[in-house]
Amino acid sequence: MTDVHEGGCLCGAVRYTVSSAPMRTIICHCTFCQRRTGSAFGFMPYFKQDDVRITGALKSYEHRSDESNRLLRIEFCPNCGTTVSMTAEVFPGLRGIAGGTFDDRSWIKIHRHVWTRSAHPWVTVPSDVEKFPKTSVAQPPQVK
Ligand SMILES: [Zn+2]
Ligand SMILES: [Zn+2]
């Protein structure tokens, strides 16, 4: 079994390779993720920083969480605007890769849904995943 996966932004200027399985994969219903994606929720597998190789220049934007006041840093392609990566002060050593940017997305398994208190009322969270009304940072990732 191989844990090497590739992906990139819409225009192809930014490409990446990950070489391990995600530490955790989160669906995030927080209002920051809703706004930054312009969509219903964030979809991010988090990898060990060292297992991610990115080629092409990314622009970054830092945002402070209104709830925890901790830094969130999104990185996007300056040409097409696709968010490719995100790092968070609460996950040191980990790098999130935007789930929708993988060339093949069929292997990605969702571990938990967080910030469900701000989920859209028409979103149904499956019963077989962990669910948290707010952040799940107090519960460390389970390394499989
Ligand atoms: Zn691009
Ligand atoms: Zn979020």
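Me: Before we look at the zinc sites, what makes an atom a donor here?
Reply: Donors are N, O and S atoms within 2.8 Å of the metal. Keep in mind that this is a predicted model.

Me: So what makes Cys28, Cys30 and Cys33 donors of the zinc ion (ligand 2)?
Reply: Their SG atoms sit at 2.1 to 2.2 Å from that zinc, and the cut-off is 2.8 Å, so they count. Along the chain these donors are spaced C-x1-C-x2-C.

Me: And which residues hold the zinc ion (ligand 1)?
Reply: Cys9, Cys11, Cys77 and Cys80, each through SG, lying 2.3 Å from the ion. The spacing there is C-x1-C-x65-C-x2-C.

Me: Which parts of the chain does the pair Cys9 and Cys80 tie together?
Reply: Cys9 is in the loop between strand 1 (5-8) and strand 2 (15-18), while Cys80 is in the loop between strand 7 (71-76) and strand 8 (83-88), so the pair links parts 71 residues apart in sequence.

Me: Why is the arrangement around the zinc ion (ligand 1) called tetrahedral?
Reply: Four donors need all angles between 85 and 135 degrees. The 4 donor atoms here subtend 107 to 115°, so the label fits.

Me: How do you know whether Cys9 is buried or exposed?
Reply: Buried means under 20% relative accessible area. Cys9 has 9%, so it counts as buried. Cys77, with 1%, is buried too.

Me: Why is Cys80 called partly exposed?
Reply: Partly exposed runs between the 20% and 50% cut-offs, and Cys80 has 27%, so that's where it lands.

Me: With these cysteines about, how many disulfides are there?
Reply: The count is 0, going by cysteine sulfur pairs within 2.5 Å.

Notes. Residues are numbered from 1 along each chain as its sequence is written. Chains are lettered from A and ligands numbered from 1 in the order in which they are written. This is a predicted model: local features need pLDDT of at least 70, side-chain atom pairs count only at pLDDT 80 or more; totals for chains, interfaces and linings use all residues. Side-chain values use heavy atoms; hydrogens and water are left out. Donors are N, O and S atoms within 2.8 Å of the metal (3.2 Å for Na, K and Ca); water is not among the atoms, so sites may look incomplete. Four donors count as tetrahedral if all angles lie between 85 and 135 degrees; four count as square planar and six as octahedral if opposite donors are over 155 degrees apart and all others between 65 and 115; anything else is irregular. Helices (H or I, at least four residues) and strands (E, at least two) are DSSP runs, numbered from the N terminus. Buried means under 20% relative accessible area, exposed over 50%, partly exposed in between (1.4 Å probe, protein chains only).
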